[in-house]
Amino acid sequence: MKQLFTRKARQHFLTGLLFVLALLAALLFIMPTVLTITNSFMTEKEITANYGAMIDNASNDKKTYISKELNLKFIPDKVSFTQYITVLLKSPEYLLKFWNSVILVVPITIFQILLAAFTAYGFSRYRGRVREIIFFSYIILMLMPYQVTLVPNYLVSDWLGILNTRWAIILPGIFSPFSVYLLTKVMRRIPKAYYEAARLDGANEFQIFWHICLPLTRSAMLSVGLLVFIDYWNMVEQPLVLMKDQEKYPLSVLLSQINSGDVGLAFAVAVVYMIPALLMFLYGEEFLVEGITYSGGVKG
């Protein structure tokens, strides 16, 4: 009896310790986001007082170490909406860049998932040496960093005459192998009995794909779409290399180029920039978890 009590106490202690460690890790991860949101409501005077050392240091021609200790504050002394008024009303450049991001990312996300669904269905339904070689090439392309394929994308875009246009970013994004690989793995876990039953009922191949495969992989497609959206929402290298017209740059590029002296403005732009990704995550969190744990109607 005493040994049983000691074992239960030890289990409760380990569970509590793991909970505390997980809570601390979660707080550390969420701290930059909370700091950005709260600091965006600070007045310019308070921001200068808290981050003056960083501003002075950034204004020097040579890179030097910060001489003064920064004062990280989570609660502003006085709430101010000056930065948001500047971003949303006085400077249309930021909203223009925001819509540039939307124009680039939304078509990439929609058409990449749509194309990946058809391609993954073909890989999952029909096996063969040629198809396995093609699928293996998808895996190789997916494992390559984007910086490796950036030069070939540049050359192909130049050859097609779409360099310095949005198509130079949208087309490679649509044909990305990431979604094809993940959806293929999910569709291969659908029991073949579902397909055979549909065949016996007289369904053709497209009807099987539309009425059997897509409903069973809905959660996986939504979770992959969420990952694709967040990935391309944060892109920086593609616009800088494939587009020369700065008016077509997305907000992610502008955010990385904001002068360090405008710290308050950078905080406000960062908050506006993270809103779509946060909304997408909050809406798709359930589908993201379900797409990872369940595949093809079978618990993974």
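Visitor: What share of the contacts with a separation of 6 or more comes from residues 24 or more positions apart?
Guide: In this predicted model, such residues make up 77% of those contacts in the protein chain.

Visitor: And which ring pair links distant parts of the chain?
Guide: Take Y121 and Y195, one of 14 aromatic pairs. Y121 sits in helix α4 and Y195 in helix α9, 74 residues apart.

Visitor: Why is the pair of Y121 and Y195 called edge-to-face?
Guide: Their planes are at 80°, and anything over 60 degrees counts as edge-to-face. The ring centres are 6.5 Å apart, and the limit for a pair is within 6.5 Å. So edge-to-face it is.

Visitor: Why is the pair of F206 and F209 called tilted, then?
Guide: Here the planes are at 45°. Stacked needs under 30 degrees and edge-to-face over 60, so this pair is tilted. Both residues belong to helix α10, three residues apart, which is about one turn of the helix.

Visitor: Are F206 and F209 buried or exposed, and how do you know?
Guide: F209 has a relative accessible area of 3%. The cut-off for buried is under 20%, so F209 is buried. F206 has 49%, and exposed starts over 50%, so F206 is partly exposed.

Visitor: Which residues do ring pairs link into a cluster?
Guide: F118, Y121, Y195, F206, F209 and W210.

Visitor: What makes R188 count as lying over the ring of F135?
Guide: R188 lies over the ring's face, 4.9 Å from the centre, and the distance limit is within 6 Å.

Key
Residues are numbered from 1 along each chain as its sequence is written. This is a predicted model: local features need pLDDT of at least 70, side-chain atom pairs count only at pLDDT 80 or more; totals for chains, interfaces and linings use all residues. Side-chain values use heavy atoms; hydrogens and water are left out. Contact means heavy atoms within 4.5 Å. Rings of Phe, Tyr and Trp (its six-membered ring) pair if their centres lie within 6.5 Å; planes under 30 degrees apart count as stacked, over 60 as edge-to-face and the rest as tilted. Helices (H or I, at least four residues) and strands (E, at least two) are DSSP runs, numbered from the N terminus. Buried means under 20% relative accessible area, exposed over 50%, partly exposed in between (1.4 Å probe, protein chains only). A charge sits over a ring if NZ of Lys or CZ of Arg is within 6 Å of the ring centre and within 35 degrees of the ring normal.
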